Amino acid sequence: MASQSGPEAAEEHTSGADIQSFFDSAPPLKNSLEITDKLKEFLDKNSIPTRDGRANRVVCVTSGGTTVPLEQRCVRYIDNFSSGHRGAASTEYFLKAGYAVIFLYRRGTCQPFCRSLPDDPFLECFKFIDKSHVKVREPHSEAVKMAISDHHNVIEKGLLLKLPFTTIFEYLQMLQMVATSLSVLGPHAMFYLAAAVSDFYVPWKSMAEHKIQSGSGPLDMSLVQVPKMLAVLRKEWAPFAYCISFKLETDKNILLKKADMALSKYKMHVVVANELLTRKEEVVVVTGDGKVSVCRDKTQVDSDVEDPLIKLLVEKHSIHLEDSCS
Ligand code: PAZ
């Protein structure tokens with residue numbers, strides 16, 4: 001089941017009780033103390049006003065797809081499509097624009113600053129000079145040097161915090177932790193929710209403990225709807241933050257209608273609508289003021305749509321900040 005976005009009917013009704021029951025029944029995060037410490041350290045660094053007295057802007061970029069385990073000792077799971085390219089590229093552009101970034105990403109998906117690294121098998125990119133020295137082979141050495149130095153630079157300055165998730169249970173618990181910590185930044189915080197989040201899941205308590213056996217015939221299981229957390233994020237977790245969500249469809253005839261629905265239903269500031277096949281070329285930025293199509297600069301070979309997209313969103317965030325502070 002690819003549960004990128006359920007049918008309209010399935011998007012209705014999320015009660016506080018559904019949300020509570022999701023969190024109550026989710027297996028607790030194994031590393032929640034470590035995450036709390038990392039968030040605290042990151043915010044201590046990034047909530048200090050800059051020299052000119054301006055508050056720092058911090059964005060949480062979510063990236064990659066969540067999984068839905070079918071067994072507690074998980075052998076099988078349902079996955080959601082997302083390579084993580086959008087989130088990784090956007091993170092780089094937000095950092096360039098002066099934001100500190102919390103990169104909440106699916107383990108194993110695309111990482112910031114790694115996009116220009118060679119596709120060749122990793123070990124084929126290196127060679128021994130002598131027994132203790134390794135060199136990057138040409139033509140990869142420039143790309144590898146750039147990736148290492150760009151990444152090192154932002155980590156050193158404490159501007160990038162990377163938090164990995166795999167399952168829908170981990171993702172939503174971590175998103176809640178990040179959102180409630182970022183609420184101290186008020187309108188200076190932004191959420192850029194590009195992760196592909198499962199719409200249906202198996203509640204932990206009704207999940208088989210051991211590997212499901214194939215001997216007992218066809219598999220018949222019923223999945224429960226994942227409560228829509230966007231409205232809670234807006235209303236309770238980080239009520240003053242600037243919130244951007246994504247809407248992915250494969251049928252372009254319903255895409256903009258669904259984006260409009262998400263905008264009004266979850267009170268997002270922006271919904272970025274994209275179609276699976278053209279997502280790297282064009283997106284549509286949907287706000288209460290109208291719709292703007294944003295395209296990759298096709299005259300440049302290495303250009304990507306995230307470059308103009310992030311520029312536009314940064315402008316919109318600035319207007320939001322001016323409005324909030326006046
Ligand atoms: O990760 P990627 O670059 O392969 O794809 C990005 C995307 C299509 C997952 C993202 O732009 C998106 O639309 N995320 C939200 C998906 C959804 O509607 O749940």
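Modeller: A class rule to start with: Ala, Val, Leu, Ile, Met, Phe, Trp, Tyr, Cys and Pro count as nonpolar, Asp, Glu, Lys and Arg as charged, and the others, Gly among them, as polar. What you have on screen is a predicted model, where local features need pLDDT of at least 70, side-chain atom pairs count only at pLDDT 80 or more, and totals for chains, interfaces and linings use all residues. Numbering runs from 1 along each chain as its sequence is written.

Colleague: OK, ligand first. How many polar residues does the shell around the ligand have?

Modeller: The shell has 15 residues, with Ser 83, His 85, Arg 86, Phe 246 and Leu 248 coming nearest (a residue is near if its C-beta atom, placed from the backbone, lies within 6 Å of the molecule). Split by class, there are five nonpolar and three charged residues, and the polar count is seven.

Colleague: And which element gives the most to that shell?

Modeller: Helices here are DSSP runs of H or I with at least four residues, strands are E runs of at least two, and both are numbered from the N terminus. Two elements give two or more residues to the shell: helix 3 (85-96) and strand 11 (242-249). The top contributor, with three residues, is strand 11.

Colleague: Zooming out, what radius of gyration does the protein chain have?

Modeller: The chain has eight helices and 14 strands. The globule rule (2.2 Å times the number of residues to the power 0.38, with the radius taken over C-alpha atoms) gives 20 Å for 326 residues, so the chain is as compact as a globular protein of that length, its own value being close at 21 Å.

Colleague: What share of the contacts with a separation of 6 or more comes from residues 24 or more positions apart?

Modeller: A contact means two C-beta atoms, placed from the backbone, within 7 Å. Among the contacts with a separation of 6 or more in the protein chain, the share from residues 24 or more positions apart is 72%.

Colleague: Is there a domain record, and how far apart are the end C-alpha atoms over residues 176-298?

Modeller: UniProt, in an unreviewed entry, lists residues 176-298 as "domain: DNA/pantothenate metabolism flavoprotein C-terminal"; such positions follow the numbering used here, feature names are shortened, and annotations may be inferred rather than shown by experiment. That stretch is 24% helix and 28% strand, and its end C-alpha atoms are separated by 38 Å.

Colleague: Any backbone oddities? Which two residues does a cis peptide bond join?

Modeller: Most residues other than glycine have a negative phi, and most peptide bonds are trans. The cis bond has an omega of about 5°, and its proline sits in the loop between strand 6 (133-136) and helix 4. The pair is Glu 138 and Pro 139.

Colleague: Helix 4 comes next, then. What distance separates its end C-alpha atoms?

Modeller: The expected span is 1.5 Å times one less than the number of residues. Helix 4 (residues 141-156) is followed by Gly 158, whose phi is positive, near 70°. With 16 residues the helix should span 22 Å, and the distance between its ends agrees: 22 Å.

Colleague: Phe 113 has a positive phi. Is Phe 113 buried or exposed?

Modeller: Phi of Phe 113 is near 70°, and the residue lies in the loop between strand 4 and strand 5 (126-130). The cut-offs are 20 or more other C-beta atoms within 10 Å for buried, 12 or fewer for exposed, and partly exposed in between, with C-beta atoms placed from the backbone. Phe 113 has 21 such neighbours, so it counts as buried.

Colleague: And what is the burial class of Lys 267?

Modeller: Lys 267 also has a positive phi, near 55°, and lies in the loop between helix 7 (252-265) and strand 12. With 15 C-beta neighbours inside 10 Å, Lys 267 counts as partly exposed.

Colleague: His 269 is in that loop too. How far is its C-alpha atom from that of Asn 56?

Modeller: His 269 is found between helix 7 and strand 12, and with 19 other C-beta atoms within 10 Å, it is partly exposed. Leaving out residues up to four places away in sequence, His 269 touches Tyr 242, Cys 243, Ile 244, Thr 287 and His 320. Asn 56 is 213 residues apart from His 269 along the chain, and the C-alpha separation is 20 Å.

Colleague: Last one: which residues does Leu 276 touch?

Modeller: Leu 276 is found in the loop between strand 12 (270-275) and strand 13 (282-287), and is partly exposed, with 13 other C-beta atoms within 10 Å. Not counting residues up to four places away in sequence, Leu 276 touches Leu 248 and Thr 250.
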